[in-house]
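This short report looks at how charged side chains pair up along a helix, and then at how another helix is packed. Please keep the sequence and the structure in view while reading.

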Amino acid sequence: MMTPEVAAKLRDLNRRFYDSVADGFSQSRRRPQPGFTTLLDWLPRPLTSVLDVGCGNGRFGHFLHQNDYAAAYTGVDNSAALLAHARDLMPGAAFVRGDMTQPGFLDGLGRFDLVMCLAAMQHVPGHANRARLLAELGAHLSENGRLFLSNWQFMSSERQRRKIQPWAQAGLTDADVEPNDYLLSWQ
């Protein structure tokens, strides 16, 4: 099991990384993912409120608005720099700086027709923390709401597996982290 100190070190590493690459990262994520269109068929009807956890630059919310889903959108991310990009992309939407690796980060936000966490859960260190996050996401669903999750399957791609870096680059060892936890380069 991962110690709280190691989890804190990984959270800080992740936050600093995204703040340092926010401009380039946001530019590389301007267009919608191909899977976004598939998700439209699964949206609750009517869709009045959306919570996007790990929203980055807000591109899924922007995609919804471009496709005439005018639901109230709340994006949550831990990177102030990425939230600035999200605010530029979606003026009028609500954005909250929050750390999804911390219990209670959604307190006070209410319930939503759609709660989503797309390609972000890999940033939550430790199995117990990921299980807690799932429970917390579910607790913010309105009656008959939907939860959308997507997880990066980098181990299915040789190109992506080449991004695996030794834990020593982060000042850690394999013994510090849980099995199947990886440190990846962005490039």
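## A pair in helix H1

In this predicted model, Arg-15 and Asp-19 both belong to helix H1, where they are 4 residues apart, or about one turn of the helix. Their side chains meet in a salt bridge, with a distance of 3.8 Å from N to O.

Salt bridges that share partners join these two residues with Asp-12 and Arg-16, so that Asp-12, Arg-15, Arg-16 and Asp-19 form one network.

## The other links of the network

Asp-12 takes part in a salt bridge with Arg-15, in which the closest N and O atoms are 2.5 Å apart, and these residues, 3 apart in helix H1 (residues 4–27), are separated by about one helical turn. Asp-12 also forms a salt bridge with Arg-16, the closest N and O atoms here being 2.8 Å apart, and this pair, 4 residues apart in helix H1, is likewise separated by about one helical turn.

How exposed are the members of this network? Asp-12 is partly exposed, with a relative accessible area of 31%, while Arg-15 counts as partly exposed at 25%. Arg-16 is partly exposed at 44% relative accessibility, and Asp-19 is partly exposed with a relative accessible area of 27%. The structure as a whole holds 6 salt bridges.

## The buried face of helix H4

In helix H4, which spans residues 80–89, the buried residues are Leu-82, Leu-83, His-85, Ala-86 and Leu-89. Seen down the axis of H4, these buried residues fall within an arc of 155°, and therefore they line one face of the helix.

Note on methods: Residues are numbered from 1 along each chain as its sequence is written. This is a predicted model: local features need pLDDT of at least 70, side-chain atom pairs count only at pLDDT 80 or more; totals for chains, interfaces and linings use all residues. Side-chain values use heavy atoms; hydrogens and water are left out. Buried means under 20% relative accessible area, exposed over 50%, partly exposed in between (1.4 Å probe, protein chains only). Helices (H or I, at least four residues) and strands (E, at least two) are DSSP runs, numbered from the N terminus. The arc is that of the directions from the helix axis to the C-beta atoms. A salt bridge is a side-chain nitrogen of Lys or Arg within 4 Å of a carboxyl oxygen of Asp or Glu.
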